[in-house]
Each structure stands twice: as structure tokens, then as C-alpha cells.
Amino acid sequence: MKKAQPINVSRRHFIAAGLTAGAGLTLGLAIPGIAKSEETGPGLAGSDQADSTLAPNAFVRIGTDDQVTVIAKHLEMGQGTHTGMATLVAEELDARWSQIEVVAAPADANRYNNLLWGPVQGTGGSTAIANAYEQMRKAGAAARAMLVTAAAARWQVSEETITVRKGVVSHEASGRRASFGELAEEAAALPVPDAVLLKSPDEFHLIGKDVVRKDVGVKTDGSALFTQDVERPGMLVAVVTHPPRFGATVKSLDDSAALKQTGVRGVVQISSGVAVLGDHTWSALQGRKALRVEWDETNAMQIGSDEIFADYLRRLDEPGVTARTDGDADALLSGSGKVLSTDYRFPFLAHAAMEPLNCVIEQHDDGSVELWYGAQIQTMDQGVVAKTLGIEPSKVRINTLFAGGSFGRRANPAADYVREAAEILKATGGKVPIKLVWSREDDTQGGWYRPAYMHRIEAILDDNGLPKAWRNRIVGQSIAAGTAFEEVMVKNGVDGTSVEGAANLPYAIPNLKVELQSTKLPIPIQWWRSVGSTHTAFATETFIDQLSHEAGIDPVEYRRQLLKEHPRHLGVLDLAVRQSQWGQPISSNRARGVAVHESFNSYVAMVAEVTVNDDKSYTVDRVDVAVDCGIAVNPDIIRAQMEGGLGFGLSAVLTSEITIDNGAVVQSNFHDYTVLRANQMPDIRVHIVPSAEAPTGVGEPATPVIGPAVANALSSLTGKTYHQLPIRAA
Amino acid sequence: MQTLTINGIDHQFDAPDDMPLLWVIRDLIGLKGTKYGCGIGQCGACTVLIDGVAQRSCMVPVSSITGLKITTIEGADDATARAVRTAWQELAVPQCGYCQSGQIMAATDLLSRNPNPSDEEISNQMGSTICRCCTYHRVKLAVRRAADTLA
Ligand code: FES
Ligand code: FES
């Protein structure tokens, strides 16, 4: 073990202290009228703790009580980002982990924007650590520098002779010591430094260690506050009846029986349906049951999943818009060689976060409004609420709470549920605070699904059995079309979220074409944990296995031959294979399957071991996961996200499916929208590739890889191809 | 006016007979640790102990349990519950946390009936409580660890 050393200043990396300059790719999201600096004022919740003396920037506060408060700009929805943000600040501050508290930042895109998204505050695309890695460290380093300067002045010694360790500032020669709290007032009187020194990785005390999550205490004693738990004086609970079929509207409404229910206080019509307000959740739900609504179904959707897939299958015969083309795959595929071809089919999927959607909103006397909920894209939500209520976005104050999961749902491109809450507030004259609550049925049937897709992949092998030509056609709805994200995400008619994972296929194939047909349906859709990779990884990684079987080459060896130019893919593949028992004997009803995939700049490989029973049921017994996400900021949280992300993906492999029949959603709750349970969870071993690369996200990249790993294991046992999810039997 | 003893304290409230215990606990009494996840007995987020036995409070009409003693996550503090909570913290089980009250109540229920469960018994009992963050891997390890510390 290396002995703790005082930081050697010369080895520190000197860096400009500006906290807004982003590293890497900047996506300037075009969200009209909400990203202007003058519209989001300072002074909102969370940023100005009264008892915090030292406030060098928007992210760290140090009080005379020695408490360090980290202001987290990202939503904590389970992925551990509050702990991640705090780790980065605490590392450079050399704080004691126990003295750190985390609070959620207010909605303020000027200070809390996602540096990879331009002037927009939000969490998603596994960007939190990636965008904030340097920003949060600089924030901590600036505070540290001020404490050091204050101590040097107080003790009349040079700054170079001062050390900071675990929240204690000391001068070793004289034995003088002071806590952060004791120095906070003097430090606060100093100018904020223009430039700060950042540690080199070998100086890290917290980054790379299994720092305990900040939220385990409140999440094990029932005290963690979720939106569902918020109470405001005079608050009413609202539930909404939505049309049973997509596209239907209210024709007539009879609320007389509903209003007679005990505790029901009102019924209002809003653009998405009819809201019933009650003293509490139960009365609102009972009121909704008694509501009589007749729906106008003139424009309602009349078709269902069967018709949608039949249409998509026909479309696979037609070329789409080209998303990538190398060489001339079309020519080779219409030539004389043997063409291998598989059609894939992926259903709609609901996010089904454990906490159904909800949002609390209240109007103040000055006309401003305040919200409490698990806000994921604060800047967009602010704009939508402002527009709905006819006020300035700066008058929309958001308190971001823990979200009971999201998996993308709370990053809704239309801010659908937030807007619903605002509409109810408006329809009731803003007189009382409203808690909008979606039931599980509302959440399951309310749309905004992972779109259904079909793929067709065709290939021809060369004399060595390696793919010479590959064409991947994709058909499905575009998530970005018609949203504020369209401008940056749709390029030349191709929605990047529909083809990611397919258009950037890493395998060395000289003639490669990826085509997309974007369809239009009245079913609202959006991103679902790992977005395009949820389907592209399955199609491409099972098809590669199919080709390897055709070539008679071991699937791992096959991939290695095609990934020579992709060391990070190879790195995770080799690690997962080495740690698993790949190639070892295994009983005759069991098999292993492999898959490797990059998403959100993180690389994941898995080896899954499955057992197939006589009745064709199967279990996933063990999975070895290898991940390369650059510098591992918190290995234990990385392991947790690999476990959880894998489990989330496994639900969609084993059992989850939303089907539409005649314009209506068939499933309604967890009895028919079934999800993974503890007894179906494999034994998981996570292996992290040591890396000095910039850190990338871990919330999503495990989700897409489990499906193909499981399907490939099943295939090697049964000889069948699995081309439709979920796989209900082997 | 009805009365319920929750975590050793008598609470008085007015509720229709068919109101599920879940909503009485949450909305009338104000104990928010017990969660709503499905309302139909599928997910276990609403699990409480009624006279020491785990039950889904969304399925229990409040009128059916007069005189019984209810323990919610806030009051789960016997040796078993403490061992479960400690194991949960040591293994950093929670992610979003929303299901975790239910998980902890289900684990406490199992270990108080069966202090040394087999892996299969753990899997089956915990299989009743949905976690969409899929913390199941650690849930199972944590139940095992709690059982070991209680042994
Ligand atoms: S809320 Fe009671 S079981 Fe789901
Ligand atoms: S921790 Fe999120 S649902 Fe279980």
C-alpha cells in the first residue's frame, strides 16, 4: 500500500477553473424560448444554504459547522449519481466522506446545464459522470485552494507547506491544524481562484474506491422522500382518466356520480383526459371509477401490434434511407453467393418504473409556481409548465426529488405528465396544490413506450467464413421526430437513436449497409434504458453468432478476428471470456453464449450460462460481465449498474411485452406486464477493465448485452435462431 | 372514528370500510415509508407486518383488521429487522430505493419465520417483491448475510 503523501504541487495538473466550459461533444438542444440566460434567475432552492459560509461556485458549500454540501445537478433515480457527483467534489477538496451531504440543484440551466447537452439541464444518455467529471473536480479544487490560502494566511506560512487530508487542513512543521468549518469564514473572504490544480489519478483517495452510497440510510428506513410522499397544505390528489384508445378524445362527460363519492372535490377536463380531484389518493381513485366518459373515437387508432408488424414486415422488402454504407453490399447481396438472412421483431415496452409517474405543483400568490418531483430534464419541463400557464420559465421553480426509477420515462420529450399536472392546476384556478398520481394501470397503458421495431439482416461470407457483405434494414418509429431533439438527433432523415449500435457496427466488414425506415403511428414513444441498442445489439450480436456457426468458427474467435481495430471491444470480450468458463465442459442441457456491445461510449461483454429444461422452459444461471467505462469512479456503483442494467434487459428477454389491440393497450399491471423477479435473477460476476480513459456512463450499457448473450447460449443448445423478443421458450 | 395500532402507537382516523390499509397508512396517518407500486397485490412495495406476518397492505381493507398490530418500515426495529437493515446498507442494496421498504419487510418476515433459509427459500420469498432496478442479486446476498449475523 502506498503511504498517504501530501500532495506534491508540481505533479498536480494545473487547469483553468471555469466551470462551464464543456469537454467533448456539445449537443446544442433547440428548445425554443427556454434556454435564454435572463429567463432563469439565480437564488432558487438548494443553491443558497443559509448556514453555508464558503460558497465558491454553484456546486459546493462549506459551513462553519464543518458540513460540506454538494449540490448535485443530476437526478438521482437509482443510478448513484448523487454519490458520484459528491465523490468528484470530495476527492479534489480532500474532504472526509462523512462530512459530505448532497442536495439536488434547483432548475437553473445557467449553472446546472449538462455540459454535453448545451444550455439544457438534464440527466440521461449515461452522461452524468462523463460531463461532470472535470467540472465537479474543479469545483472541489477551488474550495480546497481557498481553504489552503486562508490557513496559510492565518498561520503565516507558505501555501506549499500546507496539507489537506480527510477534512483537516494542517501545517506539519508546526503541528497546527484546522477543520474546514474553522477556516470557512476566512476562506469566504478570499477571491475565488481563476485556475486550480487537479490531482493526477495516482493521488486519488476516493475515485476508484468503493465509497458508500450517500443514500443507503434513507433508502433502508423508509425516510427517503419521493414525489408520492409529498404533502402540501390544502393539497388535493388528482388522477386522470385517459382515453382507452390512442387518438380518442372526450365526447361527453357525466361527473355527477363521481362528485358524490366521499372525499371527491372536483372534476376537470384537460387536454389528455379528465382529472378527478380528491382529498387523498383513494377518494380520487374511487371518484374516477364513478366517472362516466364517452369517447370520440373518430380519430382513434384502429389497428394493433399484429397489423403493425405485418406492415413492418412488408417494409423490410423495400430499401430505406441509408444510415451507413461502405463498399457495395447491395450488389453483392443480389449476386450469386449464398445469402444468410434473419428477420427480427421487437415489441413495444413500458418503462414501468417502480414509482408510477407523479408530480406535485403549487401556485404562489405572485403567480409563480413550484414543483416537487423526480425531474429529469428540468429545462424542458420548466418551458412546458411556463407555456401551459402563460408565465415566464424563470417563474417555474423545480425541487428535484429522488425518482423511484425512470429508465428514460421521466425524460419525456413532451414533458407529458408534468404538463398534465400544470393543466390541472390551471383548470382549478391555481387555488390549491395538486399532486398528480398515475396508477400502475395508467403507467402501463399511458404510452411513451420503447418503440416496436423490425430488423432484417442479410450477409454473405467470404472463403474464410468471414462476412463479406452485410445489410441491416431497420423499421420503426422515430423517437426524436417532432420533438425538440429532432434538430440534433435526426441527420439526413436518419434518427440516430433508431440506428445506434447498428450503424456503428464495429466488425470489419468491407461491404456494409444500414438502412432505416421511420414509421408514423399514434402511439407515443420515447427512449427506454439504452435506447437504440435495446434492439440493435440483439439483432447484430445474434446474427454474428449465426454467421460464426455457419463458418464453423467459435463465436469468440470469430469476433476477435473481426474486432482487430477495436481494442476496447476486444478488451471486454477477452476479460469476460477469461473470467467465465468459456470452452469448459458443461452438462448437456446447459450452454454458454457471448455478446459484446458498445453504447454511450462504454463497452460491455457478457458470457451467459443457461439451462434448458425438458419442457423448453429455461433459466439464466450465471453471467460474467466485463465493462470498460474508462476511469472507474466508483467500482461498487459500476457493479450495481451492471447487475441492475442486466436485470432490466433480462425482463425484456424473458417476459415483458406491450401489445396493442385495436388501438388499445392489452396489458395493464404487473400481472400481465410481467417483469423479472428475484428468483429469475442469475448469479452475476462483474469484472471492470482497468483504464485511464475519461470516464463514461454505466446506467445503460449493460441492458442491451444480456439479450444476445442469452439467445446465443440457447441457440448453441437447440440449433434454433431466436429472432423475436421476448423469448418465452427455448 | 377508527383506531389502528401502528408501530406501537394508536392512530385515530376516519375512513370508508373498503379503503385499503395502504392508503390509510400513507394518506390518513402520514407514514410514507410504505409504498404504492401496483395496488393489486403483485409487487410487494406495500408490504407491512400484521401481527408479525407480512401482508400486502394494498389488499387489506382497513375494516378487516381492527384490533391487530401493524408494523411498517418505520417501526421495524427488532433484532431481525436491524440485521436485515445493516446487511442492506453494507451491501449497498438500494438503487432508486422505492421498492426497498417492501424488500426489507419481506426479508424480515422470512428470517423471523425461518432464521436459516436455503438459497432457494430466499429466492422464492424475495421473488414476491418486484424491484425494477433489479437489485435482486444483492437482495439475495443481503438476506444471506443477515441470516448469518443472526445465527
Ligand atoms: S402495491 Fe401492494 S402489492 Fe403492489
Ligand atoms: S431499488 Fe428501484 S425499484 Fe428497487
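Buried means under 20% relative accessible area, exposed over 50% and partly exposed in between (1.4 Å probe, protein chains only). The model is predicted, and local features need pLDDT of at least 70, whereas side-chain atom pairs count only at pLDDT 80 or more. Residues are numbered from 1 along each chain as its sequence is written.

**Exercise 1.** Work out why strand β21 of chain A is described as largely enclosed by the rest of the structure.

Solution. Strands are DSSP runs (E, at least two residues), numbered from the N terminus. Take the two sides of the strand in turn: A:Y453, A:H455, A:I457, A:A459 and A:L461 point one way from β21(A), A:M454, A:R456, A:E458 and A:I460 point the other way, and all are buried. Nine of the nine residues of β21(A) (residues 453-461) are therefore buried, so the strand is largely enclosed by the rest of the structure.

**Exercise 2.** Identify the strands that pair with β21(A).

Solution. Two strands pair if DSSP finds at least two bridges between them. Strand β16 (residues 340-346) of chain A pairs with β21(A) in the antiparallel sense over seven bridges, and here A:Y344 stands opposite A:H455. Strand β22 (residues 467-477) of chain A also pairs with β21(A) in the antiparallel sense, over nine bridges, with A:N472 as the bridge partner of A:I457. In the hairpin of β21(A) and β22(A), five residues lie between the strands, and A:G465 takes a positive phi near 85°.

Note on methods
Chains are lettered from A and ligands numbered from 1 in the order in which they are written. Side-chain values use heavy atoms; hydrogens and water are left out. Helices (H or I, at least four residues) and strands (E, at least two) are DSSP runs, numbered from the N terminus.
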